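Good morning, and thank you for coming. I shall take you through one protein structure, and I ask you to keep the picture in view as I speak.

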Amino acid sequence: MKLLDFSKYSSIKIGPTVKIKIIDKIKKENESYTIIGGANNLLVSPNPPKLAKLSKSFDYIYQKDNLLYIGGATPSGKILSYAKKNDIAHFEIMQKLPGLLGGMVKMNAGLKEYEIFNYLLYIKTINNYIEKDNIKFSYRYTNIKNIIYEAVFKVEKGFNYKLFRYFENLRVNQPNLPSAGSCFKNPKGYYAGEMIENCGLKGYQKGNAAFSEQHANFLVNLGNAKFQDALYLIELAENKVFEKFKIKLEKEIVIL
Ligand SMILES: Cc1cc2nc3c(=O)[nH]c(=O)nc-3n(C[C@H](O)[C@H](O)[C@H](O)COP(=O)(O)OP(=O)(O)OC[C@H]3O[C@@H](n4cnc5c(N)ncnc54)[C@H](O)[C@@H]3O)c2cc1C
């Protein structure tokens, strides 16, 4: 067990200090915990469920027989550097996509049509290796219920610097304040940010939480924001957008 302060650890810098289990080995008992990664997509309440995190023993990358094996606790930055150094394609997306591999796979993280699942082959869970064909996934969604200990990818040569720069440019309108990335998923044919803006909530503040002035779908922490303020804004946006567009926004941010 280890004490983790979510007001420091999480990217949105909100949350309590709680005891979390550090997982060293693949064991059945781990499955009774809610697993977290780098907490870049989380809003942790004052009373979260029992939490666990993979230890450094799941922070690894190795190649064998033209396959790339990446441990669930491997940070995106490390994967990006490895891909650059070894001239491997399809990991350009990891640029400024904060997270650990397990969290990125669970969320099917990505940008535009580029998603982690595009080149993923297998994941390793308590039930051993599971093929991508046996997993349901779509935009920011997977039906994975178990802890992801590892994922296996195809190795294709050619790190794409043009794509890398394209991703870099897509990030320029993102706020520099603490956030958990996009607060809501984009409903089909719409942009959640535009809908929130159309409801007059761009820059709208509750306590020290706000929908960013720069990009309305980013819920940002202006300094010492509280969980309740963030939750208030999330519910406000859901209600206002529904009133105006008759569309239910789906949260991308995971509330624990
Ligand atoms: C500035 C900023 C920009 C961002 N931009 C993007 C973007 O462009 N695209 C995008 O998709 N996301 C983006 N995000 C969100 C975030 O980067 C992704 O959701 C990422 O996948 C989160 O990884 P994590 O390790 O931090 O997961 P966490 O936030 O810790 O967890 C996210 C979810 O994954 C589950 N999980 C974590 N680890 C595991 C595991 N080992 N096994 C099973 N389940 C697990 C958790 O239970 C939770 O449900 C952004 C976030 C920030 C702060």
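I shall speak about the sheets, the ligand, the nonpolar core and a few single residues.

Please bear in mind that what you see is a predicted model.

Let us begin with a sheet. Four strands make up an open sheet, arranged in the order β1-β2-β5-β3, and their pairing is mixed. Why do β1 and β3 each have one side without a neighbour in the sheet? The strands β1, residues 2-5, and β3, residues 34-36, stand at the edges with a single partner strand each, so one side of each has no neighbour there. On average, neighbouring strands of this sheet are turned by 50 degrees against each other, with direction ignored. Take β3 as an example: β3 pairs with β5, residues 51-54, in the parallel sense, over three bridges. Within that pair, Ile35 stands opposite Ala52 of β5.

The strand β3 leads us to the ligand. How many residues surround the ligand? There are 32 of them, and the closest are Gly37, Gly99, Gly102, Gly103 and Gly181. Two or more residues of this shell come from each of β3, α3 (101-106), β8 (110-111) and β15 (179-182). With four residues, α3 gives the most to the shell. By character, the shell divides into 16 nonpolar residues, 14 polar ones and two charged ones.

I turn next to the strand β15, which gives residues to that shell. A further open sheet has four strands in the order β15-β18-β17-β16, paired in the antiparallel sense. Its edge strands are β15 and β16 (205-206), and each of these pairs on one side only. Between β15 and β18, residues 218-221, there are two bridges, and the two strands run antiparallel. Here Ser179 stands opposite Val220 of β18. The helix α6 packs on this sheet and touches β16, β17 (209-211) and β18. The direction of α6 makes about 25 degrees with that of β17.

We now come to the interior. In soluble globular proteins, nonpolar side chains tend to be buried together. The largest nonpolar core of this model has 60 residues, and those that touch the most other members are Leu43, Val105, Ala151, Ile196, Leu219 and Ala230. Which helix gives the largest share of this core? The helix is α6, residues 227-245, with six residues. As for Leu43, if residues up to four places away in sequence are not counted, its contacts are Ile12, Ile14, Ala180, Phe227, Ala230, Ile253 and Ile255.

Another residue from that list, Ala151, is the bridge partner of Ile123. These residues belong to a pairing of β10 (120-125) with β14 (150-154), which is antiparallel and has four bridges. The strand β10 also pairs with β11, again in the antiparallel sense and over four bridges. A hairpin of two residues joins β10 to β11, and Lys124 stands opposite Tyr129 of β11.

Let me stay with β11 for a moment, since a point of backbone geometry arises there. Most residues other than glycine have a negative phi. Asn128, in strand β11 (residues 128-131), has instead a positive phi near 65 degrees. Is Asn128 buried or exposed? Asn128 has 10 C-beta neighbours inside 10 Å, and therefore counts as exposed. Asn66 also has a positive phi, of about 65 degrees, although it is not a glycine. Asn66 lies in the loop between β6 (61-64) and β7 (67-71). Because Asn66 has 8 C-beta neighbours inside 10 Å, it too counts as exposed.

Finally, I shall describe two buried residues. Ala83 is part of helix α2, residues 76-85, and it counts as buried because 23 C-beta neighbours lie inside 10 Å. Beyond its neighbours within four places in sequence, Ala83 is in contact with Ile88, Phe91 and Phe159. In sequence Ala83 and Glu156 are 73 residues apart, while in space their C-alpha atoms are 10.0 Å apart.

Glu92 sits in the loop between α2 and α3, and it is buried, with 23 other C-beta atoms within 10 Å. Its contacts, leaving aside neighbours within four places in sequence, are Phe159, Asn160, Leu163, Phe164 and Phe167. Glu92 and Leu80 are 12 residues apart along the chain, and 6.6 Å separates their C-alpha atoms.

That concludes my presentation, and I thank you for your attention.

Terms used
Residues are numbered from 1 along each chain as its sequence is written. This is a predicted model: local features need pLDDT of at least 70, side-chain atom pairs count only at pLDDT 80 or more; totals for chains, interfaces and linings use all residues. Two strands pair if DSSP finds at least two bridges between them. Axes are lines fitted to C-alpha atoms, for helices over the stretch in contact, and angles run from 0 to 180 degrees between N-to-C directions. A residue is near a molecule or strand if its C-beta atom, placed from the backbone, lies within 6 Å of it. Ala, Val, Leu, Ile, Met, Phe, Trp, Tyr, Cys and Pro count as nonpolar, Asp, Glu, Lys and Arg as charged, and the others, Gly among them, as polar. A residue is buried if 20 or more other C-beta atoms lie within 10 Å of its own, exposed if 12 or fewer, and partly exposed in between; C-beta atoms are placed from the backbone. A nonpolar core is a set of buried Ala, Val, Leu, Ile, Met, Phe, Trp, Tyr and Cys residues joined through C-beta atoms within 7 Å. Two residues are in contact if their C-beta atoms, placed from the backbone, lie within 7 Å.
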